[in-house]
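Hi,

Here is the model I promised to pass on. Have a look, and my notes follow underneath.

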Amino acid sequence: MHRIERALFTGSVMIKFDSQYHLYDITPLENMFIQQYLVKSPGDYVKVYIYCLNCCYYPDGSRITYDSIASSLKLSNDDVQRALRYWSRLGIMTVENKDDSLEIEMHSMKDIFLKCEFSDKIELYKYADFNNALSEAFAPRILDTQDYLLYQDMITMFDVSEEYVIEAVKYSVKATKNPDVPYKYVEKVIEAWKNDNINDVDTLKKYLEKSDTAYREICSILRYLGMNRAPTIPELNCYKKWTDEYHFTFESIKEACNATISANTPTIKYLDSILTSLHDKKATTPEQITAIKENTDNYRNKVRKLLYYLGLRGAPSAIQIQKYIKWEKDYGYNEEAVSIAASMITNSKNPYDALDNLLESFYMNGISDANGMLAYMNQKHIYDDDIKNIKKELGSTEEIAENEREYMKRWRDTYKMPPDVICFAAQLASTAEKPWIYMNKVLSTWSKNNITTLKDAQNYNDSFNASNSHAPSTPEKKYSFTNIDNHSYSAEDYDAMFDNFGGFNNG
């Protein structure tokens with residue numbers, strides 16, 4: 001839109017663009033630029049050119065600097081300088097740095113081609129030998145002026161020799177198997193070499209000689225993993241880590257590849273995790289790797305059989321194998337002992353984890369083999385008949401729970417109560433909300449009073465009832481632990497209230 005303002009001191013009419021007009025206007029971009037430069041120049045360079053063109057069409061009066069352009073385009077200061085130098089050498093703009101600000105003059109594409117200016121030819125003549133070598137490195141690709149200038153600029157950009165840049169181009173073309181390798185790829189290659197302190201041609205050639213062997217080997221590894229392509233730079237760096245830091249040979253790496261067959265889509269990253277694990281185990285030779293693989297396969301087969309026995313489907317996971325190794329290496333249990341323990345796992349949502357907890361319990365209780373487990377479990381079930389009688393007295397038909405075994409073990413072994421006394425306590429608890437807890441309270445009281453016979457228990461109960469019947473009438477103060485407000489307990493909660501004498505977890 002336009003805005004009309006009147007100059008008060010003359011009475012004349014002045015017409016100008018609104019301050020926001022440029023946001024809705026256009027910046028013309030010549031077709032010749034699009035055809036000749038845009039498609040062949042680096043994207044960041046094109047951004048800088050279009051931004052400068054926009055500033056020429058719609059100047060806002062502010063100073064133009066490398067930093068201001070970099071800030072506006074989210075580029076680095078060096079990127080902006082390289083871009084402006086590139087366009088200046090092509091002759092389509094002139095850049096002068098005056099008083100910490102830039103004076104940029106954009107040139108018409110039409111004028112440049114009609115006048116046949118030769119500024120670019122001067123640069124081409126200066127780098128004649130370099131340009132010839134560059135053409136050979138890219139053959140059969142045909143290079144144009146922009147290509148030559150881009151790679152000439154690398155010499156200054158990275159502070160390297162012409163031969164260094166040529167070697168980088170040869171390496172990139174070979175790595176990608178494509179003479180049309182992007183400029184950015186070559187740039188990344190040189191950056192990686194510079195980061196590794198490879199700054200001159202002699203050092204580079206030694207590195208390339210070694211890298212050539214590594215390149216062939218990583219290509220072979222990729223084919224072995226089913227990837228028929230050239231390696232990426234990160235993959236080459238990964239291979240360098242395996243050979244230089246981990247000291248694996250090519251044969252050792254190939255042997256480690258066999259461990260990737262369990263993966264649906266083997267990758268270099270997956271192989272790297274395997275080799276890192278082998279390095280941590282100090283297994284670097286093919287023989288050591290084979291031994292570890294055979295040992296792992298042996299454990300995998302054991303876990304597979306165990307999973308089938310527990311009713312679990314699927315292939316063994318790395319965590320399951322690690323737990324099995326722990327049972328054998330740390331706890332000292334053989335396959336028979338693990339199988340015996342597995343037969344004791346019932347009604348568990350996570351039977352493998354329940355087995356892990358059970359074997360840990362056995363280990364903590366000093367049980368070292370299958371016979372000890374069987375003896376321990378037989379001892380655990382020694383009072384099952386007594387418990388069944390109690391449950392019958394209480395009118396319960398549920399299976400025996402672990403907390404009930406712990407109660408009975410306490411009453412028989414610690415309190416020394418005979419079955420008839422316990423049965424009498426069950427009769428007293430038959431109407432209680434939590435009968436087993438009620439029985440435990442009763443039997444604990446009798447034990448403290450040295451009551452261990454049925455007759456003494458009956459007399460104590462009669463005496464207790466009689467004393468309560470003659471007691472003065474006072475407000476009743478209840479301490480019933482079975483009627484605590486705002487609390488609801490599961491069977492597992494009650495189990496946790498008492499010591500786990502047997503050390504078992506029913507999973």
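The chain has 25 helices and 4 strands, taken as DSSP runs (helices H or I, at least four residues; strands E, at least two) and numbered from the N terminus. Keep in mind that this is a predicted model, where local features need pLDDT of at least 70 and side-chain atom pairs count only at pLDDT 80 or more, while totals for chains, interfaces and linings use all residues. Residues are numbered from 1 along each chain as its sequence is written, and side-chain values use heavy atoms, with hydrogens and water left out.

Of the 507 residues, 38% are buried, i.e. under 20% relative accessible area with a 1.4 Å probe, protein chains only.

I also looked for cavities: sets of points on a 1 Å grid over the protein atoms alone where a 1.4 Å probe fits but cannot get out. There is 1 of 30 Å³ or more, and the largest has a volume of about 40 Å³, which is the space filled by probe spheres set on the points. Its lining (residues with an atom within 4 Å of a point) consists of Pro42, Asp44, Tyr45, Asp79, Arg82, Lys184 and Glu187. Helices α2 (43–57), α4 (77–90) and α10 (183–195) each give two or more of these residues.

One more spot to check is Lys302, in helix α15 (residues 286–310). Lys302 counts as buried because its relative accessible area is 15%. Its side chain makes a polar contact with the side chain of Glu328 at 2.9 Å; the term means a donor–acceptor pair of N or O atoms within 3.5 Å.

Cheers

Notes:
Buried means under 20% relative accessible area, exposed over 50%, partly exposed in between (1.4 Å probe, protein chains only). On a 1 Å grid over the protein atoms alone, a cavity is a set of points where a 1.4 Å probe fits but cannot get out, and a pocket is an open set with protein on both sides within 12 Å along at least five of seven lines; lining residues have an atom within 4 Å of a point.
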